[in-house]
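Okay, my turn. Let me put the structure up, and then we'll walk through a few strands and one helix.

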Amino acid sequence: MPNLPNFDIVALAASAGGLTALIEVLAHLPADFKAAIVIVQHLDPRHPSLMAEILSRRTPLTVKQAKEGDKLTPGTVYIAPPNNHLLVNSDGKASLSQSEMVHFLRPSADLLFESVAASYKERAIAVVLTGTGSDGAMGVEAIQKMGGTVIVQDDKSAEFSGMPSAAIMTGNVDFILPLAEISSALLTLVMPHPDL
C-alpha cells in the first residue's frame, strides 16, 4: 500500500505580528511537503501585498498569491489577496470572494476554515497564529466538527494573543504549541512515515 498523507491541506490564519510567525512556520517545511497550504493574513487593503515575495524568499515551498480557480497542489502556499476572502472548494480549487466582511475583516479566517472543513473534513489542519481579535474561533469549531485537526500558537510565544486565545476558549483545539514547535508538528502530521 502506498503511504498516503493523512492530510491534504493546512490552513493558517494570522493577523498582527503574523508575518514573522508565518516565516517561522514555513521556513522549516520542505519543498516536498505533502499538503497544500492556504493562508489568511489580515493586511491593509489599500496597499499591494508583498507577502508572497517576502515568504518565498524564506521557505523552500512555492509561494503565490491565490487566484480564482487555482488548483491547490502539495508543497505550494496560497495567500489570500488583500480585500478578498479566500475559500476552498470541494474540487480542490481556490475561490476568491469580495462578499460581505466578516467581523469587519476581508479576508476572514473563519470563512477560510469553514470552507476547508466542508471540503476536506478530517484531512484538514487549521493553524491559528498571533493576531488581535477573535477571527478563526468560529472556523476552528467547524474544522473540529468535521474531524479535522486544530493547532494554536500558545499565548506566551504569540506577539498578540487575541486570536490564539479566542480559538483556545472554544475548547476545539488539539494542540497548543509554542511558535517554534508548530512546523515540526505539521511535519509529523503531514509527512508519511515509512513503517519502522
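So, start with Val38: its bridge partner in β4 is Tyr78. This is a predicted model, by the way. β2 and β4 pair in the parallel sense, over three bridges. On to β3, residues 62-65: that strand also runs parallel to β4, with four bridges joining them. One pairing there is Gln65 with Ile79 of β4.

Now, what about the faces of β4? In a regular strand, side chains alternate between the two faces of the sheet. In β4, residues 76-79, you've got Thr76 and Tyr78 on one side, Val77 and Ile79 on the other, and all of them are buried, so both faces are covered.

Back to β2, residues 36-41, for Gln41. Is Gln41 buried or exposed? Its relative accessible area is 6%, and the cut-off for buried is under 20%, so Gln41 is buried. A polar atom of the Gln41 side chain sits 2.9 Å from the backbone oxygen of Ser15. Leaving out residues up to four places away in sequence, Gln41 touches several others, including Leu19, Leu22, Met51 and Pro107.

Last bit, helix α3, residues 109-120. At 1.5 Å a residue, its 12 residues should span 16 Å, and the end C-alpha atoms are 16 Å apart, so that agrees. At the start of α3, a side-chain oxygen of Ser108 comes within 3.2 Å of the backbone nitrogen of Asp110. Nine of the 12 residues are buried, among them Leu112, Phe113 and Tyr120. Those buried residues pack against β1, β2, β5, β7 and α4. Right after the helix comes Lys121, with a positive phi, near 50 degrees.

Conventions:
Residues numbered from 1 in each chain as written. Predicted model: local features only at pLDDT ≥ 70, side-chain atom pairs only at ≥ 80, totals over all residues. Heavy atoms only, no water. Helix = DSSP H or I, 4+ residues; strand = E, 2+ residues; numbered from the N terminus. Buried < 20%, exposed > 50% of the residue type's maximum accessible area, 1.4 Å probe, protein only. Polar contact = N/O pair within 3.5 Å; in protein donor to acceptor, adjacent residues only side chain to side chain. Contact = heavy atoms within 4.5 Å. Pairing = 2+ DSSP bridges. Expected span 1.5 Å × (residues − 1).
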